[in-house]
Amino acid sequence: MTTKLTCRDCRNFAPVDVTKGICHCTKEMMKADDEQCKDFNLLPKCNNCKNFERTPDTIEMGICKISTHEPKFFAYPDMVAVTCDHYTAN
Amino acid sequence: MPKKLKEVLVESGISMDFESGGHSPAGLTAREVNREPHLRVKKLKDIFMQTLSSANNEFPYWYTREYMLHDTEIPVVRRAMAVKAAFSHLTPVIYPGELLTMRKAAFFRGSFPMPWLSEGYYMAKEDELYQEALKRGSASADQYSKFGTGGGNVTKSFGKVVAIAGKFGMRTEEVPGLLKLAKTWVGKSVDDLGHKYEQMVPDYAVKEALMRNILCMFDSGYTLPLGREVINYYYPLEYGIDGLLAMAKELKNAVAGRADGDGIKGTNRLFNYEAIILGLEGLKIWISNYAKEARRLEGLETNVVQKKEYSEIGERLEWLSASKPRDFRDALQMILTIHLASVNEDAISGMSPGRIAQVLFPYFEQDIASGRISEDEVMELLEQYRLAISSIDCFASAGVVGGVLSGNTFNTVSIGGLTKDGKHACNRLEYLLIESGISNQMPQPTLAMLYDEKLPEDFLLLGMECIKTGVGYPAFMNNQNGMTFMMKQYGDEGMTVEEARAWAIGGCLESSPCCWKPLHLNGKEYFIPGGAGQPTSVGVHFLAMPKILECVLWNGLDGRTSEKVFEPHNLKLETYDELWAQFKKYWQKAVDILALTNNIQHDVWRKNNMGIINSFLKPDCLEKGHLIDEMGYRFNGTFSVESVGTITAVNSLAAIKKLVYTDKSVTLDDLKKAVRDNFGFKTAQEVNSFSLSDQEKREDAPSGWDKMHFMCLQAPKYGNDEFFADEILLEWENFFCPDCSNYESLYAHKMYPCQISVSTHGAMGSATIATPDGRLAGTTYADASMSAFPGTDRNGVYALLSSAAIWDHTMSQNSQLNVKIHPTAIQGPTGSRKLLDLIQAYMRKGGFHIQFNVVDTKVLKDAQKNPQNYRDLMVRVAGFTQYWVEIGKPVQDELIARTEYEGI
């Protein structure tokens, strides 16, 4: 399933709060849900990671396949993965 | 139209004129002093002003994921592994224009829940976890706690944002993760485990009744287990992260497997040092991640100036991830980083930076002397520091963040006081700190002036200028009182007079034990002060005196709910002495049960959730190899008993004593009937005003109560330098203060009194029926502990000071007196001098604390009607400064109602 990518999915977006952030390219305040622009740079998130496996019949939850927990530890698509050593882009 | 109380009184010839010493001018009066910050800071502040408090799951997700992986590990090491994982995975966010950087979470005002402490309070109200929290009383205060609906507060869900815990916004995309994390901690959190074991305390039902009926509204063990203390930045400044890592590894090797004469805790040192190493490694990765982000932005940036600034930030953070600060800029970034690390490790309010101008002075002095920095550049950095500290939010329940904190986190900076060898401690950087508080007026850090007769006159007068901006700081605390209290409470733990001189304010008004450490910079040695004690305002907190009186009058029942709280006393209360004796008995019963249950909660906290980072920062954990849970801190007797509603209770006792027992003009039964019937008025909730004067008569009110209500209102009141009421305060203090030492904390130290209301006089007043002093149901109590009830201090401000100083303030950790003054009353240099004279008079009488709201009440009324025009209006509440629009209505109403002094 694909969802529309917005400013808050972009690496150039510095979130100020849950509704808005500053674009590092333009220095302008942008709404978090504004549509992506030509400078869009995909932000690492679980949703974009090969190690994320979505739970069937839900768009909200899944597991991290790289976790060593038994069963695998949960993950969710919107989690930012900039600092995750195991992030592997889809 | 129903009549308001003030109209009823005017008809009877009684004025509710809350102005004292004259009349304020017509029209709105602005404050006299107003300045702007540097342009860079102004731009960042503009962002802050538009920012919503926002929360995400990043820290709790990685903490939980790591913690659950190591269920067979030694608890302290397991905890440290989780802390390291959480810090290592925080997403760095840097904004254009910043010179100082790093933040709690990936937002301007970011925070996050800590479900390992408590997981029920932020669930949906219909969720079984929330219902369970209500039943046990841990969420009862949430229902009586109000947030302001403006500013950064997210009080309602909208669009893709869900409001959580009454204040924080979270993206809908994160909510399933939040719920999953919460469910993971069910039965394992401090709240749940603590509840399991606290029920084993005999008479536990009394504790739940106290919480459910809001006689008490704060269980510190699972809400804010740390804080109201002074942090210590010494070790990172003296050694740097790598230096500390090397030290911890060396000490670990030295103690591995050795008991060294301590058969119980000696060998624990190995695990404790291992935990410290993990904590330091987490910090190192966190700082390095910010350095990498700065370098990434440097690569992206096309603007030459901004590119250079990103480069400098990157270089500084790369340096600080390993080494100790080289200059003022490094040192300021370091103390900010360490501060954020401290408040991220646990749910914390009131982690005060302490006397930072004395801590940073070595760097300032050497940089200024060598020309590495100018005073203007220092000012710009200090202004930005205020922005960074004001952005610190604490995620906790609505009852705690709204009902207690009013959204503030009390990162208080202390100024003044004495040096190690007894000279005044004021330095040039302290002047700049006050100046930056004038040019960048923000709620935090608020300033606490440790007033000593040795402080320079021009420094004190600069403080007056700052007060005249209306920001509410600096508050004045009596340095000699503070030192005396330190020696009384911590003398048993070996505190010396030199150490007592290092004390500072933790939280908004909690006197906290500190010590001196030798900092070395370029071959010169400086002794700098820093915290050396455990958290304060832990133990028995916010116990409402008016509610205890209610239980005395109604034979053990809560007046609002009629639920049984205490065993019935079955006394006829035929004399005042009998009533007073029973008041003390119920008070002691409440304190005893709350002390025991809080000990158990904190014991659960220290067994699984002990501070790692917070511990190694504090002397003498590193040297001893013991963390907070094993009393590695130098001073551990920090638990206290905190009263609320002192003056409302004193006035009520005065009314009963005068009307029932002295004059015999009313019977106790008739007075109780009138109180129960709210003297014929609607409740404050029905009227939606929490100020006494705005209360409305009921249409069906019996006519007989008016006379009795007037008698109650006109009975002797505290704050007029009249002995009848003041004697009751004296009697209370002479009972309460020594009584606290009858209760023992889990660290086996005697407790002591704490007397500040923070915001609880609003929330707890909301849950209290009318009181015999004439206060009506649901209205706020008198704020603080030494403030008069609004409108009842009729003999001028010096009479108020005399009433407040009737008892020995050195018996208590604090006391609190708030005074509202119209700006015209202290205009010009003469006005500043008069204000300083007033403060000095109170200090010389032995008062501990005084602070001021310099504001025109008409402005506050206009701000309540038109909040959109007052986003940046700040007021002093009870020990802290906050944006008007972020304060709940009960406290707003109380601030408006406070007596306004038109002349002093």
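Two residues are taken to be in contact if their C-beta atoms, placed from the backbone, lie within 7 Å. On this basis, in the predicted model described here, 47% of the contacts in chain A between residues at least 6 apart in sequence join residues that are at least 24 apart. Chain A contains zero helices and six strands, and its elements accordingly read β-β-β-β-β-β from the N terminus on. Of the 90 residues in this chain, 39% are buried, and the C-alpha trace spans about 45 × 30 × 25 Å along its principal axes.

In chain B, seven strands form an open sheet of mixed pairing, in the order β1-β23-β19-β20-β11-β10-β9. The edges of this sheet are occupied by β1 (19-20) and β9 (413-416) of chain B, each of which has a single partner strand, so that one side of each is left without a neighbour in the sheet. Within the sheet, strand β11 (residues 475-478) of chain B runs antiparallel to strand β20 (residues 849-854) of chain B, the two being joined by two bridges, and Phe476(B) stands opposite Ile850(B) in β20(B).

Helix α33(B) lies across β10 (447-451), β11 and β20 of chain B, and runs at about 25° to β11(B). A second helix, α19 (residues 457-467) of chain B, also meets α33 (residues 828-845) of chain B, their axes coming within 9 Å and crossing at roughly 105°. Because angles of 65 to 115 degrees count as roughly perpendicular, α19(B) and α33(B) are therefore roughly perpendicular to each other. The contact is made by Leu460(B), Leu461(B), Met464(B), Glu465(B) and Ile467(B) in α19(B), which meet Ser832(B), Leu835(B) and Leu836(B) in α33(B). By class, this contact of α19(B) with α33(B) comprises six nonpolar residues, one polar residue and one charged residue.

Elsewhere in chain B, helix α4 (residues 75-88) has 14 residues and reaches 20 Å from its first C-alpha to its last, which is close to the 20 Å expected at 1.5 Å a residue. Twelve of the 14 residues of α4(B) are buried, so this helix is largely enclosed by the rest of the structure. The buried residues of α4(B) include Arg78(B), Arg79(B) and Lys84(B), together with Val76(B), Met81(B), Val83(B) and Phe87(B). Among the elements that cover the buried residues of α4(B) are α3 (58-67), α11 (268-300), α13 (328-345), α23 (576-608) and α24 (613-617) of chain B.

Terms used:
Residues are numbered from 1 along each chain as its sequence is written. Chains are lettered from A and ligands numbered from 1 in the order in which they are written. This is a predicted model: local features need pLDDT of at least 70, side-chain atom pairs count only at pLDDT 80 or more; totals for chains, interfaces and linings use all residues. Axes are lines fitted to C-alpha atoms, for helices over the stretch in contact, and angles run from 0 to 180 degrees between N-to-C directions. Helices (H or I, at least four residues) and strands (E, at least two) are DSSP runs, numbered from the N terminus. Angles under 35 degrees count as roughly parallel, over 145 as roughly antiparallel, 65 to 115 as roughly perpendicular and the rest as oblique. Ala, Val, Leu, Ile, Met, Phe, Trp, Tyr, Cys and Pro count as nonpolar, Asp, Glu, Lys and Arg as charged, and the others, Gly among them, as polar. Two strands pair if DSSP finds at least two bridges between them. A residue is buried if 20 or more other C-beta atoms lie within 10 Å of its own, exposed if 12 or fewer, and partly exposed in between; C-beta atoms are placed from the backbone. The expected span of a helix is 1.5 Å times one less than its number of residues.
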